Amino acid sequence: MTADLETRPPAPVEAPRTRRGAGGRDAWPLLLPALIPVAIFSVLPLLQGIYLGFTDSRAGLNQVTRFTGLENYGDLLDYDLFWTSFRIGLVWAVSVTFLQFATAMGLALLLHQNLRFGWLARILSLVPWAMPPVVVAITWRLMYDPNYGPVNGLLASLGLGGDTNLLGDFSTALPAAIVVGVWAGMPQTTIALLAGLQGIDESIHEAAAIDGAGVWRRFRHITLPQLRPVIVAITSLNFIWNINTFDLIYVLTNGGPGGRTMLPMLFAYNEAFRYGNFGVAAAMGNVMVLLIVGALVFYLRSRLKPAEE
Amino acid sequence: MSVGTVTTRARVGQYAALLAYVAFLGFPLLWLVATAFKSTQEIALGASGFLPEAPTLQNFGDAIRRADLVEAGWNSLRVAVASTILTTALAMPAAYGLARFKTFLRPVTLGWVLVSQVFPTILIIVPLFLILKQFDLVNNLVGLTIVYVVFTLPFALWMLIGFVANIPRELEEAAAVDGAGRLRILVSIVFPLLRPGVVATALFAFIAAWNEFLFALVLIQDPAKVTLPLTLSRFVGAEGQVQLGALAAASLLATIPSLIFFGLIQGRLTSGLLSGAVKG
């Protein structure tokens, strides 16, 4: 396999990169120990899960599962609570994703300036990333606690009320939770954007500055277009992660008050493990996949088009 | 920005913005730490000052003395260590195979990394629960470990492939010319050079297992087998009597391992993420 190194004719650029030995089958002993468990405990369950969405599977012994076709989906159409939860999920995911992006962009631009104390913000922005989501939720419960937390005091000193239980009030629970979502997800967005910023060629900026382009124009016409791939990738991922959020909300509000923060994953979890309706929960999962993919296709098409020209 | 002149006013604005970010990001953390050192009475009085009036370690004692916290910590540690070892051991040869050989499994694996992000866990978790039940692995730390390995592997591979691709192929070819077999090449040339990537993968696997919540919630019901995040969430759930101080202390203790490990790898995590994204 090394002999042909000498005799090989000038090969297409692709070949030498990935070819060594006979190829395909030689790699299997290396790959299968890792891929077989993944197939059994993650690919197989996923396929079964998709299928379960077309059955009346329920928890419990001796439950006969029957294929019911689209019946679950017909039922879901009339299931107002599910759609309410879905709307809440969309409001949550879109707001958190947008605010994560906006705040992370600001911070990444600041960190890119090499300000003094920038390192402090850089370290601080990593901590929420490493924390267990359960601890993030606990931290913010301490912040929002109506008797003990400092947030109410801050709001009062700004003349914005300050005597509500922010996580317990119908009108403030979702916005309060969104702040937590932004706090928890902003770090990795910042790091990704910062890495993107550092990859932009400084000379373009210099040339534009010489031509008299101001800071704002350079941001709009150089930084943003150059960052576009990073921005599209990180916001798409953030959107998926946000709409699938579970643990943060489970501990922060558990969907309350009165279902005002009942994200779709939490709703489906309750459907499956509180009420034992496995089939319906899986059907909800399928609906979510369709809508997530639809939203992504829509987003990616509108974002990537100008770049393809 | 190194370009153009920055006016003093702009500088002031930048520092004001930086201060706002530091406050937003840092204050909740400081509040968590401060709460952990406040006495129960001080917390009960409500609206106390920021710093503890009489710093105390009582909360940590309370948190640790609650036997279930220690037990949960021990469970978490075992699961995290086991899944770290397994993930790394499986990912190293597989990443090598995927990076160096032309096989249809390469696009399949990388495709799965993306697909697994889009599908909500709820779709996987119900059948997974049923499958594990057949093997008697529900309510079982071994079952939980398997699940963590399987769900950490795709990203671990994604990251490691980038590291393998950076190892010069000539080194292996030279060893092959000298008569080294494939296994020999892997063990004495590739794996040592892969060490930075392996460290990053291992720490990532540890943090992922240590922090995970949803699978543990569904798969573990026996109170003797719960992991730390589960115990913490039940701590909160016991509404009415919540001891905020002990809760904060326990949360702080639970965060320290992932924080330390994360500090060690964060640079690599980012570059691994990006290299995977670029090299696909």
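**Confidence, interface and helix packing in a predicted two-chain model**

In chain B of this predicted model, confidence differs from element to element: helix α13 (residues 244-279) of chain B has the lowest mean pLDDT, 72, while helix α11 (residues 214-219) of chain B has the highest, 94. The pLDDT drops below 50 over residues 276-280 of chain B, a stretch that still has eight contacts in the model beyond near neighbours in sequence. Taken as a whole, chain B averages a pLDDT of 84, and 89% of its residues score at least 70. Chain A also comes with an average of 84, and here 90% of the residues score at least 70. Its weak spot is residues 1-22 of chain A, where pLDDT stays under 50 and the model has 13 contacts beyond four places in sequence. For the complex, the predictor gives an ipTM of 0.86 and a pTM of 0.86.

Next, the interface. Chain A puts 84 residues into the contact, and chain B puts in 80. On the side of chain A that touches chain B, the largest share comes from helix α3 (residues 28-52) of chain A, with 16 residues. By class, that side of chain A holds 59 nonpolar residues, 17 polar ones and eight charged ones.

As for annotation, an unreviewed UniProt entry lists "transmembrane region" for residues 12-34, 79-98, 110-132, 144-165, 185-207 and 244-265 of chain B. Two of these spans can be set against the model. Residues 12-34 of chain B are 100% helix and 0% strand, with 30 Å between the end C-alpha atoms. Residues 110-132 of chain B come out as 91% helix and 0% strand, and here the end C-alpha atoms are 26 Å apart.

Now to the way helices pack within the chains. In chain B, helix α7 (residues 141-165) and helix α10 (residues 195-211) have axes that come within 10 Å and cross at roughly 155°. Angles over 145 degrees count as roughly antiparallel, so α7(B) is roughly antiparallel to α10(B). Their crossing is right-handed. From α7(B), the contact draws on B:Tyr148, B:Thr152, B:Ala156, B:Met159, B:Leu160 and B:Phe163, which meet residues of α10(B) including B:Pro196, B:Gly197, B:Ala200 and B:Phe204. This contact has 11 nonpolar residues, three polar ones and no charged ones.

Also in chain B, helix α8 (residues 169-177) and helix α9 (residues 182-193) pack at about 140°, their axes 10 Å apart. α8(B) and α9(B) are therefore oblique to each other, and the crossing is right-handed. B:Leu171, B:Glu172, B:Ala175 and B:Ala176 of α8(B) meet B:Ile185, B:Ile189 and B:Val190 of α9(B). The tally by class is six nonpolar residues, no polar ones and one charged.

Chain A offers a further pair. Helix α6 (residues 118-130) of chain A packs against helix α9 (residues 173-198) of chain A at an angle of about 120°, with 7 Å between the axes. That angle makes α6(A) oblique to α9(A), and the crossing is left-handed. A:Ser125, A:Leu126, A:Pro128 and A:Trp129 make the contact from α6(A), and A:Trp183, A:Ala184, A:Met186, A:Pro187, A:Gln188 and A:Thr190 make it from α9(A). Seven residues of this contact are nonpolar and three are polar, with no charged residues.

Definitions and conventions. Residues numbered from 1 in each chain as written. Chains lettered and ligands numbered in written order. Predicted model: local features only at pLDDT ≥ 70, side-chain atom pairs only at ≥ 80, totals over all residues. pLDDT = per-residue confidence, 0-100. Helix = DSSP H or I, 4+ residues; strand = E, 2+ residues; numbered from the N terminus. Contact = placed C-beta atoms within 7 Å. Nonpolar A, V, L, I, M, F, W, Y, C, P; charged D, E, K, R; others polar. UniProt positions renumbered as here; feature names shortened; annotations may be inferred. Axes fitted to C-alpha atoms, helices over the stretch in contact; angles between N-to-C directions. Parallel < 35°, antiparallel > 145°, perpendicular 65-115°, else oblique. Left-handed = near helix turned anticlockwise from the far one by under 90°.
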